[in-house]
Amino acid sequence: MRRSVYIRICVAAVLLLLPLLLAALLSSDRLATQLDQRNLAPGLEHLFGTDWLGRDMFTRTMKGLALSIGVGFLAAVASGLIAGSLGLMAATLGKTVDRIITWLIDLCLSVPHLVLLLLISFVLGGGVKGVVVAVALSHWPSLARLMRAEILALKASEYVLVAKQMGRSAWWIATRHMLPHLLPQFIVGTLLLFPHAILHEAAITFLGMGLSPHQPAIGIILSESMKYLSTGMWWLAFFPGLCLFVVVRAFDMLARSLYQFVDPARFQR
């Protein structure tokens, strides 16, 4: 069981690092317009074919994936920090703060993600900053609710109550008893935000409210390819979409494998 978890973690890490490595190694010259190479089907010279301007789709896809992973990383980490902070505040700062934060969580969860993303991104003018802030401000509620519930459960646990009766300080209890339980939940929860962040970045970019059209983002590539699918240029959308799916599944597999790794009880099931 443990070996299979290690294998899944290694496979997911390779799948996530490969686009970053290829994006750094591939020359940007292959993104230049070459009209004599336009609309070429996939082959040995151009693995993913070329687009209507003769740009190499393999290079565009890898650099787009690297950009999406970078944006997803920033957005997911920011959203995780917001969730952890609010969950901690809700569970430790009294009933009034708990009611306010719970109301904020319910309010954000009641609005569809895509609508909230588009509104925030539009207000901030789009671009990388708009996408990162929009994803960070819309993806924290579920993790914040989980962190709040975990902290409340730990506060009522017997070993924490015994530690308080023995005169242990709040800092000692937090670092020795609560943090070891909360840290795996926080790490895995933040990792699970990555697939949502990447997909929603691609979605709002596809709709024209995200990254600049001059950047080789996956959402832009998919949006531009829609008008050429009817002409038989299937590779413009197929390969970028497939690579995006693989990256999202790799993040999901990595997060679930890490959760299985940090939860010893799962190895006995």
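## A greasy patch and a two-faced helix

In this predicted model, Ile7, Val11, Leu15, Trp234, Phe238, Leu242, Phe245 and Val246 together make a nonpolar surface patch of about 720 Å². Two helices, H1 (2-25) and H10 (235-262), are the elements that give two or more residues to this patch. The largest share, four residues, comes from H10.

Let's pick one member of the patch and look at it. Leucine 15 lies in helix H1. Is leucine 15 buried or exposed, or something in between? Its relative accessibility is 33%, so leucine 15 counts as partly exposed, since that class runs between under 20% (buried) and over 50% (exposed).

Now turn to helix H3, which covers residues 95-110. How far apart should its ends be? At 1.5 Å a residue, its 16 residues should span 22 Å, and the end C-alpha atoms are indeed 22 Å apart, so the two values agree.

The table sorts some residues of H3 by how they are placed.

| Group in H3 | Residues |
|---|---|
| Buried | Asp98, Ile101, Ile105 and Cys108 |
| Exposed, on the face turned away from the buried side | Lys95, Thr96, Arg99, Trp103 and Ser110 |

Why do the buried residues line one face of H3? Seen down the helix axis, they fall within an arc of 100°, so they share one face. The general rule helps here: an α-helix has 3.6 residues a turn, so residues three or four places apart point the same way.

What covers the buried residues of H3? The cover includes helix H2 (57-92) and helix H6 (141-155).

Technical notes:
Residues numbered from 1 in each chain as written. Predicted model: local features only at pLDDT ≥ 70, side-chain atom pairs only at ≥ 80, totals over all residues. Heavy atoms only, no water. Patch = residues over 30% accessible without salt bridge, like charges linked within 9 Å, V, L, I, M, F, W, Y side chains within 5 Å. Areas by Shrake-Rupley, 256 points an atom, 1.4 Å probe, with all protein chains shown as cover. Salt bridge = Lys/Arg side-chain N within 4 Å of Asp/Glu carboxyl O. Buried < 20%, exposed > 50% of the residue type's maximum accessible area, 1.4 Å probe, protein only. Expected span 1.5 Å × (residues − 1). Arc of directions from axis to C-beta. Contact = heavy atoms within 4.5 Å.
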